[in-house]
Amino acid sequence: MERGRSGARRRARATAAALAIFAGVVSTNARAAHAANASIESNVTALAAPITSLAATPSGKGYWRAGADGGVLTAGDAHFYGSATQVAHDSIVAIAATRTGNGYWLTDRRGAVFTFGDATFHGSMSGHPLNLPIVGMAATPDGKGYWLVASDGGIFSFNAPYRGSTGGMRLNQPIVGMSATPDGKGYWLVASDGGVFAFNAPFFGSTGGIQLNRPITGMAAAPNGGGYTMVAADGGLFRFGAASPFYGSAVNACPGAPAVAVAMSKGAKGYWIAFADARTYAFSPSSAAPKCNPTGTTRANVIAADLFTRLNDERAARHLPLLTWDPSLASYAASWSANMGANGFRHSTIGNLLGPYNFVGENIAAGSRGTLDGSLHNAWMHSDGHRANILAPGFTRVGVGVFCAADGSMFLTQDFGHPSSDGNAQPSTGTPPVDPVARPDAGTLHC
């Protein structure tokens, strides 16, 4: 199929191939009214170890993230006061900010406590035998003490009131975190199934009796003490009591890494959700819920983003549900495009993806030097098999992979899927009509 290069006399040959759908059966108080909206966000960062915890500044204009290696990342007005990367420690599991916001504590699995800035050392469990590892930490509101909690719910108080624990109870699931009441007189513990245990603190509810898609990974108390919010590994939120109003969740925020923590601040309306890869999203009246999109500034990533937009433009023109970017499919597609660049033009064994996906489909294309990505998109749209994949109502996710070869040629892969977690659905059948093609332009992007 011939496609002319816009603005040039020479012509480039574009080839494309489609793979039919492959299916398989797989068994607010007065103070908060004057607070600023939570707004500071962070992108994926190259890390030596995953992020494990999050703490917001008292002003609500920033936050710290702690990594398992003791590294501390700052955002907004959160200042860097040091890290534990140069001292001996086990995996860091929690960070807690001081009352002033001019310091913080870190604790590891063995209960060692590390102080930075104006944080004061009040003791630790370092050198003491533990039945189970430490999983969380909370500071007293006056900044003069803190609690550590182990995965069995055992509480260790340091210049902080001891109100009880679940250390002697048989738990359905392990404790994963804790939060202190704003008055410092009590605390809550949360288990991975969302079970909540209140000690000298009001019980507002839990998800202990609910089947969760992913386990709970952390909790945060509302600044007014009227409730709490829990976050699951998929970025989903569960709110109880008069917690912060719901401004959205991170379920569709391109979860290439698990959500690990949620944080609130008396200085901000809303909340933050942090992921293990350092991405952190703000949720507030002025912050839209994040959506999963291709990221990166390389030529290949820019082309992939353009092709993703073109896909959804075609679906929107036909009033079809838009596709969500899927990082797993995108990684698979990028790898296959590179494989084609090295070994020749052919389809992948995409059926290997069945299991996490109920059914899948694939489009591939290749163009010589100077071929515009829009011309290949239009070649797909004028081919029955490709168009059927692009416009299949049953697909909910997609990943696009682009490989630019050394000679300037371009290899494209689109992998479509319906994840098993999205519920039952059937592969779409039939061939949709060509018209209207929403994006007939060839664009300007090429390798």
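This report describes the nonpolar cores, one strand hairpin and the aromatic contacts of the structure. The model is a predicted one.

The largest nonpolar core holds 28 residues, and Trp325, Val402 and Leu412 touch the most other members. Several helices and strands each supply at least two residues of this core, as the table lists.

| Element | Residues |
|---|---|
| α2 | 299-317 |
| β24 | 357-367 |
| α4 | 373-381 |
| β25 | 397-404 |
| β26 | 410-419 |

The largest share of the core, five residues, comes from α2. Leaving aside neighbours within four places in sequence, Trp325 is in contact with ten residues listed here in full: Cys254, Cys292, Asn293, Pro294, Ala304, Phe308, Ala330, Val398, Gly399 and Val400. Apart from the largest core lies another one, of 16 residues, including Leu54, Tyr63, Ala75 and Ala263. In soluble globular proteins, nonpolar side chains tend to be buried together.

Strand β13 covers residues 175-180, and because five of its six residues are buried, the strand is largely enclosed by the rest of the structure. Its partner is strand β14, residues 187-191, with which β13 pairs in the antiparallel sense over five bridges. Within this pairing, Ser179 stands opposite Trp188 in β14. The two strands β13 and β14 form a hairpin with six residues between them. In the turn, Gly184 has a positive phi of about 75°.

Aromatic rings also come together in this model: the count is 18 aromatic pairs. Ring pairs link Trp64, Tyr81, Tyr104 and Phe116 into a cluster. In addition, the charged end of Arg279 sits over the ring of Phe275, at 4.3 Å from the ring centre.

Definitions and conventions: Residues numbered from 1 in each chain as written. Predicted model: local features only at pLDDT ≥ 70, side-chain atom pairs only at ≥ 80, totals over all residues. Heavy atoms only, no water. Phe/Tyr/Trp six-rings, centres within 6.5 Å; stacked < 30°, edge-to-face > 60°. Lys NZ or Arg CZ within 6 Å of the ring centre and 35° of its normal. Buried < 20%, exposed > 50% of the residue type's maximum accessible area, 1.4 Å probe, protein only. Helix = DSSP H or I, 4+ residues; strand = E, 2+ residues; numbered from the N terminus. Pairing = 2+ DSSP bridges. Core = buried A, V, L, I, M, F, W, Y, C linked by side-chain atoms within 4.5 Å. Contact = heavy atoms within 4.5 Å.
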